[in-house]
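This report describes the chain contact, the domains, the sheets, the nonpolar core and some backbone features of a two-chain model. The sequence and structure are shown first.

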Amino acid sequence: MNAFDYHQAADGTQAIEQAVRCQQAKYLGGGTNLVDLMRETVERPQTLIDVTRLSRDITDTDGGGLIIGAAVTNAALAGDARVRRRYPLLARAILSGASAQIRNMATVGGNLLQRTRCAYFYDTATRCNKREPGAGCDALEGFHRYHAIFGTSSSCIATHPSDMAVALVALDARVHLRGPAGDRQLAITELHREPGERPDLETELQPEELIVAVELPPLAMAVHSQYRKVRDRASYAFALVSVASMVELDGDTIADTRLALGGVGTKPWRAWQAEAALRGQPATAATLAAAVDAELAAARPLPGNTFKVELARRLMIAELSQRLSDARNGGDA
Amino acid sequence: MQWTINGQVREAEVDFRTSLLDLLREQFQLSGTKKGCNQGACGACTVLVDGERINACLALAVQYQGREITTVEGLAEHGKLHPVQAAFVEHDGFQCGYCTPGQLCSAVGMIGELERDLPSAVTADLAAGQIEWQRDELRERMSGNLCRCGAYNGIADAIAAVLAEELGEEIAR
């Protein structure tokens with residue numbers, strides 16, 4: 001690990017002032033990813049600005065949503081009674097990730113900005129366009145069981161690792177940002193970039209811009225939302241495929257739905273194509289199959305991860321079927 | 001810099017790169033906390049900070065100034081083993097012992113989470129205020145602590161015995 005300077009910020013505004021003053025500064029949340037990457041010399045900041053003193057509050061909005069401070073820990077968010085009741089997929093997604101120890105440390109802001117666990121990105125002896133733009137990608141011809149099938153490019157196939165972010169894109173969360181130029185908000189579906197030819201540019205954040213909060217809009221159907229994760233062992237592993245889902249029925253018609261996938265995308269993958277093919281359609285097996293096919297048409301699997309296409313297909317159909325069944329039973333109750 | 005470690009205020013000036021794990025072991029000779037993977041994968045370095053379990057290897061010591069840190073050396077009180085420690089002895093919760101300090105601190109933290117009715121990934125009804133304690137809950141909640149000897153059955157038995165004793169929660173095998 002290279003030597004660095006350390007500052008603790010009292011709030012977001014001070015953090016930005018410190019970051020503007022310092023060369024090559026990085027914001028430090030719980031450190032569960034950044035400290036590890038610094039130890040591997042993948043990250044080499046000259047200054048760390050500790051932003052864990054930012055808001056740790058979860059507050060209700062007038063409309064029935066929630067605003068989550070960036071420094072709220074993953075464990076605190078998953079344990080919040082309002083999240084468990086109103087947005088159960090978010091609690092389940094967070095609890096499906098990492099270990100209890102890591103969830104106690106990791107922050108909401110840090111979770112969104114964590115970096116891929118692509119083994120080639122981590123191993124400085126290999127070529128990686130994300131680590132070193134233009135160097136090449138050893139993952140393309142390597143072991144790609146854990147790599148993406150959506151949003152990939154000839155430069156990068158690294159998977160976005162977050163479970164929490166998959167739930168947040170399904171919920172249409174908004175990210176509150178603060179930067180040298182002021183405050184702004186971004187739809188979380190717009191936060192992460194697909195790699196294209198610049199896999200080193202992972203988000204739409206401007207230099208020194210900081211996530212200060214995440215806002216969950218009110219969403220009635222989220223009460224029956226779920227998150228299901230398939231992985232190589234029962235616990236403490238990254239997703240092979242995960243599915244965040246919810247539906248709203250109007251009689252036998254799918255009035256509305258949200259569907260997002262983890263473990264398969266270069267960014268947390270909102271299944272826009274499937275959603276469009278579900279809305280306003282009869283709640284039948286044929287509708288589900290057609291919708292899932294519409295999404296998977298964009299999949300670009302490699303030999304080592306072709307299985308993810310069929311796994312994603314079966315998981316999406318199983319989950320959507322269960323949500324429809326839950327909605328019908330909920331409607332009767 | 002200053003920390004409260006096992007109830008004692010301790011001071012040291014350390015490089016910003018120093019992890020909480022290295023601070024405990026190298027500066028304060030508290031070598032009970034173990035360095036396994038040093039990358040957050042094994043849980044051998046688990047300690048309690050203000051009662052919550054964390055991986056000391058991923059924690060920069062500078063970030064934890066002023067906090068109350070409890071290591072395995074701080075679990076016993078007045079020369080008497082902590083109930084979790086006694087249960088590990090009683091139920092063969094270890095073989096080589098290297099992961100044991102992390103397992104013990106993690107189990108103590110987990111019991112605290114139970115007392116606060118916090119859910120896990122296998123909790124069926126997340127909206128329910130009270131957790132129904134099954135054996136799969138216990139194993140899921142301890143998944144951040146690896147044991148290469150494979151003493152998991154003994155570890156689960158030990159923790160289940162403590163829960164039965166302290167909380168009246170009988171957990172079926």
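## Helix 1 of chain B and positive phi values

In helix 1 (residues 20-27) of chain B, the buried residues are Leu20(B), Leu21(B), Leu23(B) and Leu24(B). A residue is called buried if 20 or more other C-beta atoms lie within 10 Å of its own, exposed if 12 or fewer do, and partly exposed in between, the C-beta atoms being placed from the backbone. Helices (H or I, at least four residues) and strands (E, at least two) are DSSP runs, numbered from the N terminus.

The model is predicted: local features need pLDDT of at least 70, side-chain atom pairs count only at pLDDT 80 or more, and totals for chains, interfaces and linings use all residues. Residues are numbered from 1 along each chain as its sequence is written, while chains are lettered from A and ligands numbered from 1 in the order in which they are written.

Most residues other than glycine have a negative phi. Just after helix 1 of chain B, Gln29(B) has a positive phi of about 55°. In chain A, Thr41(A) is not a glycine, yet its phi is positive, near 60°. Thr41(A) lies in the loop between helix 2 (34-39) and strand 3 of chain A, and it counts as exposed because it has 11 C-beta neighbours inside 10 Å. Ala98(A), also not a glycine, has a positive phi of about 55°. The loop between helix 5 (88-95) and helix 6 (100-105) of chain A holds Ala98(A), and this residue is buried, with 30 other C-beta atoms within 10 Å.

## Strand pairing in chain A

Two strands pair if DSSP finds at least two bridges between them. The pairings described here are listed below.

| Strands of chain A | Bridges | Direction | Opposite residues |
|---|---|---|---|
| Strand 1 (residues 5-8) and strand 3 (residues 47-50) | Four bridges | Parallel | His7(A) and Ile49(A) |
| Strand 2 (residues 25-28) and strand 3 | Four bridges | Parallel | Lys26(A) and Leu48(A) |
| Strand 4 and strand 5 (residues 66-69) | Three bridges | Antiparallel | Thr59(A) and Ile67(A) |

Strand 4 and strand 5 of chain A belong to an open sheet of five strands with the order 4-5-8-6-7 and antiparallel pairing. Strand 4 (58-60) and strand 7 (182-187) of chain A stand at its edges; each has a single partner strand, so one side of each is left without a neighbour in the sheet. On average, neighbouring strands of this sheet are turned by 25° against each other, direction ignored. Axes are lines fitted to C-alpha atoms, for helices over the stretch in contact, and angles run from 0 to 180 degrees between N-to-C directions.

## Nonpolar core

A nonpolar core is a set of buried Ala, Val, Leu, Ile, Met, Phe, Trp, Tyr and Cys residues joined through C-beta atoms within 7 Å. The largest nonpolar core has 152 residues, of which Val51(A), Leu89(A), Leu90(A), Ala167(A), Leu168(A) and Leu171(A) touch the most other members. Helix 9 (residues 164-170) of chain A gives the most to this core, namely seven residues. Leaving aside residues up to four places away in sequence, Leu171(A) touches Tyr87(A), Leu90(A), Leu216(A), Leu219(A) and Ala222(A). Two residues are in contact if their C-beta atoms, placed from the backbone, lie within 7 Å.

## Domains

Domain bounds come from an automatic or database domain assignment. For chain A the assignment gives domain 1 (5-52) and domain 2 (224-332), whose centres, taken over C-alpha atoms, are separated by 37 Å.

For chain B it gives domain 1 (2-74) and domain 2 (83-167), with 21 Å between the centres, again over C-alpha atoms. In chain B, 14 residues of domain 1 are in contact with 13 residues of domain 2. On the domain 1 side of this contact, strand 3 (46-49) and strand 4 of chain B each supply at least two residues, and strand 3 of chain B has the largest share, three residues. By class, this side has six nonpolar, five polar and three charged residues. Ala, Val, Leu, Ile, Met, Phe, Trp, Tyr, Cys and Pro count as nonpolar, Asp, Glu, Lys and Arg as charged, and the others, Gly among them, as polar.

## Contact between the chains

The contact between the chains takes 27 residues from chain A and 27 residues from chain B. On the chain B side, strand 4 (52-55), helix 3 (100-115) and helix 4 (135-141) each supply at least two residues. Strand 4 of chain B gives the most to this side, with four residues. The residues of chain B that touch chain A comprise twelve nonpolar, ten polar and five charged.
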